[in-house]
Amino acid sequence: MKPTLEEWRGVVRAIEESLPVYDSVSEKISFNLARLARTRAIAYLAPNKREWVIDIGVGPGTSSRMLLESGFKSIVGLDPSIVLLKNANRTFRDGFYPVRGVSEWIPFRERSFGGALVCFALRDVRDLEDSLKQISRVVREDGRFGVVDIGKPDNALLRGLIGFYVQHGMPIVSSLATRKRIRGNPFLMIVPTFNRLVSNQVLVKAVRNVFQRAELRSIMRGGLIVIQAEKSAPSVK
């Protein structure tokens, strides 16, 4: 089910509200595995680090910071939130270029980037199919695409266990981690976004439809995933 416009705006507001504690709480609720997952996706993009790379759904700037620390030279940070883009732009200096936009309509020409990265944001988009088509459009042939997100395992038992944690465990952990630090608990927005999430294999198939080659790397029994995709060059007949 696609989110309504108001639901989507609510997710954006929640991320803005979480800025002061985003990194530390994200690590706690992911059992200190979120950074590991990002690291694996960034390592996959490393062969193209001298080219332009787009970080889609830049949010608090966690992935862009890790890209810069890993030696990437030119990063476009795409996000619909002025608040988040200003925060990231204040944090970084050379090599980071904030652009306001959404994944369903990326304001760049075809084949502009050697790589694209989406971390913990693909489940938030309003239209998954349109977003993936747009990402593929702006990545050059033989360019790479990395996805990091919460996973929804295809195995019913594992899916139930992960779902139980997201619905009941994560709210408790995040509430304790945010108490007295920020008002309310913006991390509760993860629950409805998880409920709308497609299964891991469905997501891989959707990525493969536009990137041809895509592989799933599971962490925590599929509760956290890294998708590594490459855009194949057109075959010569």
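Leu128, Leu132, Lys133, Ile135 and Ser136 in helix α6 meet Leu203, Ala206, Val207, Val210 and Phe211 in helix α9, where contact means heavy atoms within 4.5 Å. Helices (H or I, at least four residues) and strands (E, at least two) are DSSP runs, numbered from the N terminus.

Before going further, a word on what you are looking at: this is a predicted model, in which local features need pLDDT of at least 70, side-chain atom pairs count only at pLDDT 80 or more, and totals for chains, interfaces and linings use all residues. Residues are numbered from 1 along each chain as its sequence is written, and side-chain values use heavy atoms, with hydrogens and water left out.

## The helix pair

Let us stay with the two helices for a moment. Helix α6 covers residues 128-138, and its axis comes within 9 Å of that of α9, crossing at roughly 40 degrees. Axes here are lines fitted to C-alpha atoms, for helices over the stretch in contact, and angles run from 0 to 180 degrees between N-to-C directions. The two helices are therefore oblique to each other; angles under 35 degrees count as roughly parallel, over 145 as roughly antiparallel, 65 to 115 as roughly perpendicular and the rest as oblique. The crossing of α6 past α9 is right-handed, that is, the near helix is turned clockwise from the far one by less than a right angle, whereas anticlockwise would make it left-handed.

Helix α9 (residues 200-211) also has a place on the sheet: it lies across β5, β6 and β7, running at about 15 degrees to β7.

## The sheet

In what order do the strands of the open sheet come? The seven strands follow β3-β2-β1-β4-β5-β7-β6, with mixed pairing; two strands pair if DSSP finds at least two bridges between them. At the edges stand β3 and β6 (213-219), each with a single partner strand, so one side of each has no neighbour in the sheet. From one strand to the next, the twist averages 15 degrees.

Strand β7 (residues 224-230) is joined to β6 by seven bridges, and the two run antiparallel. Seven bridges also join β5 to β7, again antiparallel. Some individual partners can be picked out: Glu215 stands opposite Gln228 in β7, Ser218 has Ile225 as its bridge partner, and Phe145 has Ala229.

Is β7 enclosed or open to the outside? Seven of its seven residues are buried, so β7 is largely enclosed by the rest of the structure. Buried means under 20% relative accessible area, exposed over 50%, and partly exposed in between (1.4 Å probe, protein chains only). Both faces of the strand are covered, with Leu224, Val226, Gln228 and Glu230 buried on one side and Ile225, Ile227 and Ala229 buried on the other.

## Positive phi angles

The hairpin of β6 and β7 has four residues between the strands, and Met220 in the turn has a positive phi of about 55 degrees. Two loop residues deserve a look as well. Phe120, not a glycine, has a positive phi of about 55 degrees; Phe120 is found in the loop between β4 and α6 and counts as buried at 14% relative accessibility. Lys180, also not a glycine, has a positive phi of about 70 degrees. Its loop runs between α7 (156-178) and α8 (190-196), and Lys180 is exposed, with a relative accessible area of 82%.

## Salt bridges

How many salt bridges does the structure hold? There are 13, each a side-chain nitrogen of Lys or Arg within 4 Å of a carboxyl oxygen of Asp or Glu. Here are some of them, with N to O distances.

| Acidic residue | Basic residue | Distance |
|---|---|---|
| Glu6 | Arg13 | 2.9 Å |
| Glu141 | Arg111 | 4.0 Å |
| Glu215 | Arg217 | 2.8 Å |

Glu215 is partly exposed at 43% relative accessibility, and Arg217 is partly exposed at 37%. Salt bridges that share partners join Glu110, Arg111 and Glu141 into one network.

Within that network, Glu141 forms its salt bridge with Arg111. Glu141 lies in strand β5 (residues 139-150) and Arg111 in the loop between β3 (96-100) and β4 (113-119), so the pair ties together parts that are 30 residues apart in sequence. Glu141 is partly exposed at 25% relative accessibility, and Arg111 is partly exposed at 45%.

In the remaining pair of the table, Glu6 is partly exposed at 47% relative accessibility, and Arg13 is partly exposed at 40%.
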